[in-house]
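Student: I'm new to this structure and would like a close look at a single part of it. Could you take me to the empty space inside, and then show me what lies elsewhere in the chain?

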Amino acid sequence: MSAAERSVVTLGETMALMRASEIGSLRHIATLAIGIGGAESNVAIALRRLGVPVTWCGRVGADPLGERVVRELRGEGVEVEARVDTGAPTGLMVKERPTAATTAVHYYRAGSAGSRLGRDDVPAGRIEEAALLHVTGITPLLSESAADAVRDAVARARGAGVAVSFDVNYRSALAPSAVAAPLLREIAESADTVFGGVAELELITGADVDEAAALLRSAGVAEVVVKRGAEGATVHAGADVVDAPGFAIDPLDTVGAGDAFVAGYLSVRLAGGGVAEALRRGNTCGAIACLGPGDWEAAPTLADLERFHAVGTDPVRR
């Protein structure tokens, strides 16, 4: 089986998502739209839309929302390895838009099925036969068993010679920085590619972003990708530092844009493309993801990327 035919494997919690369908506080709005969301599954869907085979591993509750998670992922062409946990519900997040310019996300995931993720939830051979393992800093902060699952997955990948990518994706609601930083740094230093915002990379290393990249590189990380949102992104790889500008857009919903960026970047690197090309696609995917509502619904296909770049005006934010 060629590298192009092997799946990217990811694991984590995918929750049901209740999204406000109008602007205003949850205290007053009348309706919510139902969907799903989770950093790892957002990346999985975005990669699949770009033609990359993907397997998502996780746990869902024995409830209609868990069934929806599985159905939505399979509907997007993602292969699903989901254990149905009869002792815990599917997690929930509620997203509101208090104003036209702001979004707030509220999580109800304590004791959820996803938080009970364990190392046995990733079947034998899945990681060992993968093209890449992708993990984030969200899952290991959910519980001790989830942290153990991520550590074990990374160890299995490294033992099998499978590349590992890690998105820091720090969530302060899950753990204070003093608790999170050493754990997330441990995982980062075991990865081949590390993604993080400026503040996230500084958090896990205790150094400014350039020194943070150097520290991670000295620990064996091949590529450190600094996500700068609308300002673009930077990659530290070897002795090279490569920058790519962002795109001038009028964002509707920025939640999930970072996941789309990661998928865009990885899709190019998995196909053997260079860092500059990967950055451009990552920035494009992140920008397009901001143009529609939802965590993953606006993630682009290859045809969407072509249409975006066919626009006559220069979309680059300079």
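Tutor: The largest cavity holds about 40 Å³ of space, in what is a predicted model. Rolling a probe the size of a water molecule over the atoms shows where empty space is left. With a threshold of 30 Å³ or more, the structure holds one cavity. Its walls are built by Asn42, Ala46, Gly256, Asp259, Ala260, Ala289, Asp295, Trp296 and Ala299. Two elements, α1 (39-49) and α7 (257-270), each give two or more residues to this lining. Sorted by class, the lining of the largest cavity has five nonpolar, two polar and two charged residues.

Now let's turn from empty space to packed side chains. In soluble globular proteins, nonpolar side chains tend to be buried together. Here the largest nonpolar core has 40 residues, and those touching the most other members are Leu11, Leu133, Phe166, Val194 and Leu201. Two or more residues of this core come from each of β1 (8-11), β8 (132-136), α3 (144-159), β9 (163-167), α4, α5, α6 and β11. The largest share, seven residues, is from α3. Leu11 is a good residue to click on: beyond its neighbours within four places in sequence, its contacts include Leu133, Val135, Ala149 and Ala153. Another core lies apart from this one, with 34 residues, including Ile36, Val60, Val70 and Val235.

Leu201 takes us to helix α5 (residues 198-205), where the buried residues are Glu200, Leu201, Ile204 and Thr205. Looking down the axis of α5, you will find these buried residues within an arc of 115°, so they line one face of the helix. They pack against α4 (177-188), β10 (193-197), α6 (209-218) and β11 (223-227). After α5 comes Gly206, with a positive phi near 75°.

One last stop is Ala16, in strand β2 (residues 15-20). Is Ala16 buried or exposed? Its relative accessible area is 0%, so Ala16 is buried. Setting aside residues up to four places away in sequence, Ala16 touches Gly35, Ile36, Leu65, Val69, Thr90, Gly91, Leu92 and Met93. Ile36, you may recall, is among the residues of the 34-residue core. As for Trp56, 40 residues from Ala16 along the chain, the C-alpha atoms of the two are separated by 16 Å.

Technical notes: Residues are numbered from 1 along each chain as its sequence is written. This is a predicted model: local features need pLDDT of at least 70, side-chain atom pairs count only at pLDDT 80 or more; totals for chains, interfaces and linings use all residues. Side-chain values use heavy atoms; hydrogens and water are left out. Helices (H or I, at least four residues) and strands (E, at least two) are DSSP runs, numbered from the N terminus. Buried means under 20% relative accessible area, exposed over 50%, partly exposed in between (1.4 Å probe, protein chains only). Contact means heavy atoms within 4.5 Å. The arc is that of the directions from the helix axis to the C-beta atoms. On a 1 Å grid over the protein atoms alone, a cavity is a set of points where a 1.4 Å probe fits but cannot get out, and a pocket is an open set with protein on both sides within 12 Å along at least five of seven lines; lining residues have an atom within 4 Å of a point. Grid points are joined across faces, edges and corners, and a volume is the space filled by probe spheres set on the points. Ala, Val, Leu, Ile, Met, Phe, Trp, Tyr, Cys and Pro count as nonpolar, Asp, Glu, Lys and Arg as charged, and the others, Gly among them, as polar. A nonpolar core is a set of buried Ala, Val, Leu, Ile, Met, Phe, Trp, Tyr and Cys residues joined through side-chain atoms within 4.5 Å.
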